[in-house]
Amino acid sequence: MAETLQKGTLYVVATPIGNLADISTRAAWVLSGVDRVLAEDTRQTRRLLEHLDLHKTLTPLHEHNEDRQLAQVLEWLRGGEMLALVSDAGTPLISDPGFALVRAAREQGLPLVTIPGASAVTAALAVAGLPTDRFVFEGFLPAKAGARRRALEALGRETRTMVFYESPRRVAGALADMAAAFGDTRVAVVARELTKAHEQSVQGTLAELAEQVAVGTIPLKGEFVIMVAGAEVETTGLDVEADHLLTQLMTRLSVSDAARMAARITGQGRSGLYQRALALQGRE
């Protein structure tokens with residue numbers, strides 16, 4: 001590695017979401033060189049370190065002790081220790097602990113380095129077959145049914161692909177509430193056990209997916225990612241407006257930048273607007 005670890009730096013390290021072979025070479029190198037690993041669950045992280053044949057000092061950092069540990073961790077960093085922050089699986093802070101620490105470190109001007117890698121959000125989207133040019137990550141829905149329904153109703157007009165995490169014991173209720181909020185026929189994908197031996201990714205309408213969960217075709221085992229297609233964009237008069245907007249934007253911007261700006265203004269997909277911009281330029 002041409003890179004060298006820097007003293008007093010917090011390394012935010014992504015780890016595998018299931019298959020330990022997905023650990024990156026750089027992540028393994030960072031874990032081997034830091035003074036201490038801050039782990040959401042030390043037992044889980046110890047298994048990863050044993051896989052890498054590493055023996056490191058592990059300090060628990062999770063939602064129940066993060067506030068109490070914060071001062072000590074910052075003191076270690078100010079004292080020159082090199083620390084790695086990991087969650088049980090995937091990228092830290094994405095529905096996992098670590099936000100308070102990263103925010104405090106940034107506020108105090110302490111060095112932060114991200115070591116990218118696995119994330120259930122992007123892993124699931126990559127095989128979903130749903131639009132990915134624009135998506136919104138909603139994380140875990142509220143546990144209580146009433147709050148969950150209100151959260152979903154607020155997303156009724158969302159046109160981007162929606163991504164949710166869910167636990168096995170709540171996935172049936174979540175799918176039922178999604179069908180009520182978005183309609184039985186809205187297309188969605190349920191992914192579970194990603195990168196593991198029993199990985200499963202199923203596409204269907206929300207009604208069909210709820211039925212598959214009910215009959216056990218989709219077993220209630222493992223962590224779930226639910227992806228729901230966004231609402232249809234209302235296009236009444238919008239195509240003409242988009243053409244005019246693209247034409248004006250392309251007098252000052254490249255085709256790609258014009259399509260990106262038009263997508264932000266109209267809510268339409270960037271890829272479709274890009275193709276339309278090319279057509280307006282006479283390239284197609």
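**Exercise 1. Aromatic pairs**

Determine how many aromatic pairs the predicted model contains, and describe the geometry and placement of each.

*Solution.* Step 1. The count comes to two aromatic pairs in this predicted model.

Step 2. One of them joins phenylalanine 137 and tyrosine 165, with 5.0 Å from centre to centre and 70 degrees between the planes. Planes over 60 degrees apart count as edge-to-face, and this pair is accordingly described as edge-to-face.

Step 3. Phenylalanine 137 belongs to strand β6 (residues 135-140) and tyrosine 165 to strand β7 (residues 161-166), so the pair ties together parts that are 28 residues apart in sequence.

Step 4. Phenylalanine 137 has a relative accessible area of 29% and is partly exposed. Tyrosine 165, at 10% relative accessibility, counts as buried.

Step 5. The other pair is formed by phenylalanine 140 and tyrosine 165; it is edge-to-face, with 5.5 Å centre to centre and 65 degrees between the planes. This pair too links distant parts of the chain, with phenylalanine 140 in strand β6 and tyrosine 165 in strand β7, 25 residues apart.

Step 6. With a relative accessible area of 40%, phenylalanine 140 is partly exposed. Ring pairs thus join Phe137, Phe140 and Tyr165 into a cluster.

**Exercise 2. A charge over a ring**

State which residue lies over the face of tryptophan 76, and at what distance from the ring centre.

*Solution.* The residue is arginine 36, which lies over the face of tryptophan 76 at 3.7 Å from the ring centre.

**Exercise 3. Packing of α10 and α11**

Classify the orientation of helices α10 and α11 and identify the residues that make their contact.

*Solution.* Step 1. Two packed helices are described by the angle between their axes and the distance between the axes.

Step 2. Helix α10 (residues 255-266) packs with helix α11 (residues 270-280) at an angle of about 130 degrees, and their axes are 8 Å apart.

Step 3. Angles over 145 degrees count as roughly antiparallel and those from 65 to 115 as roughly perpendicular. α10 and α11 are therefore oblique to each other.

Step 4. The handedness of the α10 and α11 crossing is right-handed.

Step 5. On the α10 side, the contact is made by Val255, Ser256, Ala259, Arg260, Ala262, Ala263 and Thr266. On the α11 side, Arg270, Leu273, Tyr274, Ala277 and Leu278 take part.

**Exercise 4. Helix α4 and its surroundings**

Describe how α4 meets α3, which α4 residues are buried, and what these pack against.

*Solution.* Step 1. The axes of helix α3 (residues 66-78) and helix α4 (residues 99-107) come within 10 Å and cross at roughly 35 degrees. The crossing of α3 and α4 is right-handed.

Step 2. From α3, the residues Glu66, Asp67, Leu70, Val73 and Leu74 meet Phe99, Ala100, Leu101, Ala104 and Ala105 of α4.

Step 3. Buried residues in α4 are Ala100, Leu101, Val102, Ala104 and Ala105. The buried residues of this helix pack against α3 and also against β1, β2 (36-39), β4 (83-86) and β5 (112-115).

Step 4. Glycine 109 follows α4 and has a positive phi, near 75 degrees.

**Exercise 5. Positive phi outside glycine**

For aspartate 53 and serine 95, give phi, the location and the degree of exposure.

*Solution.* Step 1. Most residues other than glycine have a negative phi.

Step 2. Aspartate 53 has a positive phi, near 60 degrees. Aspartate 53 sits in the loop between α2 (42-51) and β3 (58-60), and at 60% relative accessibility it counts as exposed.

Step 3. Serine 95 likewise has a positive phi, near 60 degrees. Serine 95 occupies the loop between β4 and α4 and counts as partly exposed at 34% relative accessibility.

**Exercise 6. Two loop residues**

Decide whether threonine 15 and glycine 129 are buried or exposed, and place each in the chain.

*Solution.* Step 1. Threonine 15 is in the loop between β1 (10-13) and α1 (25-33). With a relative accessible area of 3%, threonine 15 is buried.

Step 2. Leaving aside residues up to four places away in sequence, threonine 15 touches Ile23, Leu48, Val86, Ser87, Asp88, Ala89, Gly90 and Ala118.

Step 3. Glycine 129 is in the loop between α5 (120-126) and β6, and at 68% relative accessibility it counts as exposed. Its C-alpha atom is separated by 9.4 Å from that of alanine 188, 59 residues apart along the chain.

**Exercise 7. The chain as a whole**

Summarise the secondary structure, burial and contacts of the chain.

*Solution.* Step 1. The chain has eleven helices and ten strands.

Step 2. Of its 284 residues, 44% are buried.

Step 3. Among contacts with a separation of 6 or more, 69% are between residues 24 or more positions apart.

Terms used. Residues numbered from 1 in each chain as written. Predicted model: local features only at pLDDT ≥ 70, side-chain atom pairs only at ≥ 80, totals over all residues. Heavy atoms only, no water. Phe/Tyr/Trp six-rings, centres within 6.5 Å; stacked < 30°, edge-to-face > 60°. Helix = DSSP H or I, 4+ residues; strand = E, 2+ residues; numbered from the N terminus. Buried < 20%, exposed > 50% of the residue type's maximum accessible area, 1.4 Å probe, protein only. Lys NZ or Arg CZ within 6 Å of the ring centre and 35° of its normal. Axes fitted to C-alpha atoms, helices over the stretch in contact; angles between N-to-C directions. Parallel < 35°, antiparallel > 145°, perpendicular 65-115°, else oblique. Left-handed = near helix turned anticlockwise from the far one by under 90°. Contact = heavy atoms within 4.5 Å.
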